[in-house]
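Please open the structure in your viewer and keep the selection tool at hand, as this tour moves from one selection to the next.

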Amino acid sequence: MLISFLRLFLDLEYLNKMNYKAPKIIEFKKIGEPSLGYISVAEVEEYVPFDIKRVYWTYFTPDHVQRGGHAHKQLEQILIAVSGNIKIYLKDQEENEAVFELNKPDAGLYIPKGYWRDISFSHNAVLVCIASKVYDEDDYIRDYTEFIK
Ligand code: T46
């Protein structure tokens with residue numbers, strides 16, 4: 001009886017942890033110490049609420065350039081600034097805005113489907129993206145007027 005209760009409690013905790021419905025900063029575990037360096041890990045079901053289908057990275061973006069300028073119909077992503085500083089400006093279809101800054105390699109930003117994003121970078125920034133789907137141009141909404149319809 002006690003064991004069943006504990007199992008149920010742990011399951012609820014687990015569901016709560018993975019119940020990502022809105023953009024959210026994920027703090028990954030950081031293994032190591034200053035004298036050795038660190039490892040951070042993004043494992044499916046512990047930190048990643050989808051099966052990983054693609055990983056890509058962007059780098060050497062000049063600091064006056066904004067990337068993004070689109071939303072996704074279905075794609076979910078986690079963005080990580082493994083170096084440098086990255087600012088992500090998000091809007092939902094009601095035009096509610098949120099700004100997130102990534103500047104440490106043990107944090108990521110989860111972005112659900114349906115968020116417009118504009119992204120600026122420090123020149124030394126490297127963005128790693130963990131994505132729920134393979135690349136598909138049909139999943140992009142690149143016209144803002146169409147996005148807020
Ligand atoms: C996002 C931000 C963070 C591919 O061929 N395969 C890919 O997996 C990706 C991501 C892009 N591309 C091609 C498509 C374009 O010809 O690379 C070119 C640049 O892509 P895009 O203009 O979409 O790049 P960003 O940096 O504006 O956006 C990308 C992702 O598309 C987007 O989902 O959230 O990085």
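**Stop one: a strand and its partners**

Begin by selecting Ile 80, which stands opposite Gly 108 in strand 9. The model is predicted, so local features need pLDDT of at least 70 and side-chain atom pairs count only at pLDDT 80 or more, while totals for chains, interfaces and linings use all residues. Residues are numbered from 1 along each chain as its sequence is written.

Now widen the selection to strand 6, residues 77-83 (strands are DSSP runs of E with at least two residues, helices runs of H or I with at least four, numbered from the N terminus). Strand 6 pairs with strand 9 (residues 107-111) in the antiparallel sense over four bridges, where pairing requires that DSSP finds at least two bridges between two strands. Add strand 11 (residues 126-131), which pairs with strand 6 in the antiparallel sense over six bridges, and find Leu 127 there as the bridge partner of Ala 81.

Is strand 6 largely enclosed or largely open? Five of its seven residues are buried, so strand 6 is largely enclosed by the rest of the structure; buried means that 20 or more other C-beta atoms, placed from the backbone, lie within 10 Å of a residue's own, whereas exposed means 12 or fewer and partly exposed lies in between.

**Stop two: another sheet**

Next, select the five strands that form an open antiparallel sheet in the order 8-7-10-5-12. Its edge strands, strand 8 (97-102) and strand 12 (140-141), each pair on one side only. Strand 12 pairs with strand 5 in the antiparallel sense over two bridges, and Tyr 140 is the bridge partner of His 72.
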